[in-house]
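Student: Could you take me on a close look at the empty space inside this protein? I'd like to know what sits around it.

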Amino acid sequence: MNQTGAAQETWNTADLVRKDKAHMLHPVSNLRQLQEYGPLVMARGEGVYLWDTDGKRYIDAFAGLWNVNVGHGRRELADAMREQGERLAFSPTFFGLATPPTIELAAKLASLFPGDLNYFNFTSGGAESNETAIKIARYYWALRGKPDKVKVLSRMMAYHGIAMGALSATGIPAYWQDFGPRPAGFIHLTPPYYYRHGEGMTEDEFVDSLVRELEETIQREGADTIAAFIGEPIQGAGGVVVPPDRYWPAIAEVLRRHDILLILDEVITGFGRTGTLFGMQQYGITPDIVSFAKGVTSGYVPLGGVGVSSKIFDVLAEPDRVFMHGFTYSGHPVACAVALRNIQIIEEENLAANAGEVGAYMIGELSKLLERPYVGNVRGKGLMMLVELVADKETKAKFDPAQNLGGRLQAATRKRGIIVRCNPDSIAIAPPLILTKEEASTVVEAIADSLTEVLG
């Protein structure tokens with residue numbers, strides 16, 4: 001692996017923390033607690049490791065935010081940025097303009113995605129991608145002479161971003177609270193979360209119940225009012241919900257029958273994380289529209305995008321009118337150059353297969369924690385997984401939020417040199433796809449010891 005080998009620098013951590021408290025507004029963070037304790041400031045990364053400004057080393061077992069798929073400090077990606085930045089740092093894709101890396105990336109993606117997902121519009125990240133996907137679905141039906149087909153189906157526990165349209169599709173109420181009214185036209189269904197919603201049913205019976213709910217919702221709302229169903233192949237930020245194998249083929253068949261578009265959100269699951277290049281390949285389905293971001297550049301430069309089928313594109317291109325959608329940085333040439341090199345690394349180093357192999361090992365090791373009275377469920381696919389914690393295994397009751405379980409686990413895991421996502425009732429793990437079994441064992445051991453410290 002070609003690392004940048006960045007020289008170690010000396011940082012004044014206290015001064016950085018003081019400035020952070022004075023000026024930073026941190027996303028998805030308790031701002032009052034940050035004012036008291038300050039942030040953990042990361043200064044350097046190499047492979048699966050991060051170093052803070054005091055020189056302490058951590059395994060980045062959350063790959064940044066699910067996205068540093070090829071690991072930190074890759075010289076190849078830094079070189080791709082520099083070379084394209086020197087050649088042409090920016091030119092838009094508006095008004096019929098393009099640049100070589102943007103065109104080459106679109107062509108490369110068309111060769112990688114299953115089916116006829118052949119046309120691509122680029123964004124700067126996942127929320128913009130899902131906004132774009134939703135707008136394209138509605139635009140498609142308007143051009144087909146069906147302007148009333150505007151509703152969007154999604155699931156509770158889904159995370160599709162926090163721009164207003166994507167926020168409405170997101171099924172996690174904490175993200176809605178106190179941000180005012182959401183746009184109308186979004187309907188949330190039951191997630192394919194067998195552990196909590198499949199009580200007393202076999203997996204097949206559970207899938208049948210979800211399909212029945214979808215059919216009843218379409219019947220109630222009217223198929224002629226529904227533009228699309230948006231879903232992550234595996235729900236990520238909402239709790240790493242891995243659906244039963246039959247779920248997606250059964251859902252896709254219902255949508256086809258009722259002439260409703262399927263949008264798959266591959267923002268987290270794309271580019272190797274689940275053990276295949278795309279999450280959709282785990283279930284043998286191809287959507288009409290796909291959104292992606294995160295792993296396309298391994299987070300080195302912000303980039304996202306939307307792919308549409310040839311059927312969709314043909315309708316979009318039919319009228320003699322301008323496609324009135326885009327962002328300033330749609331198809332940014334530096335980002336696209338990095339994406340091309342990043343995808344090359346993922347392919348050459350067979351990182352999807354490594355994610356499948358090491359992920360299966362890691363999930364197996366984490367499953368040993370099920371012997372503990374407070375571990376209710378361990379689930380995942382590839383290198384995205386979650387340990388769900390319960391106050392009572394029999395009833396699956398959750399811990400009292402006043403116990404601050406997430407905060408205590410965060411402190412315990414960081415003390416042991418791992419970065420994971422600790423919530424009040426779970427620990428989510430999503431390391432870089434270069435993770436070895438030895439490194440996976442270190443992470444599992446740190447999680448086990450942290451749970452012992454906090455919960456006994």
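Tutor: Sure! The largest cavity holds about 50 Å³ of space, and keep in mind that we're looking at a predicted model. When the whole structure is searched, one cavity of 30 Å³ or more turns up. Two elements each give two or more residues to the lining of the largest cavity: α9 (203-221) and α10 (247-257). The largest share comes from α9, with three residues. Want to find the wall in the 3D view? Click on Arg155, Leu189, Thr190, Leu210, Glu213, Leu214, Phe229, Tyr247 and Ile251, which line the largest cavity. Sorted by class, that lining has six nonpolar residues, two charged ones and one polar one.

Now let's move on to a pocket. The second largest pocket has a volume of about 870 Å³. Its lining is made up of 28 residues, and the ones closest to the pocket's centre are Thr93, Phe120, Asn121, Phe323 and His325, so to speak your landmarks for finding the spot. Several elements supply at least two residues each to this lining: the helices and strands α5 (100-112), β4 (117-123), α6 (126-143), β10 (304-309) and α11 (310-316). Among these, β4 gives the most, with four residues. As for class, the lining of the second largest pocket splits into 20 nonpolar residues, seven polar and one charged.

Key: Residues are numbered from 1 along each chain as its sequence is written. This is a predicted model: local features need pLDDT of at least 70, side-chain atom pairs count only at pLDDT 80 or more; totals for chains, interfaces and linings use all residues. Side-chain values use heavy atoms; hydrogens and water are left out. On a 1 Å grid over the protein atoms alone, a cavity is a set of points where a 1.4 Å probe fits but cannot get out, and a pocket is an open set with protein on both sides within 12 Å along at least five of seven lines; lining residues have an atom within 4 Å of a point. Grid points are joined across faces, edges and corners, and a volume is the space filled by probe spheres set on the points. Ala, Val, Leu, Ile, Met, Phe, Trp, Tyr, Cys and Pro count as nonpolar, Asp, Glu, Lys and Arg as charged, and the others, Gly among them, as polar.
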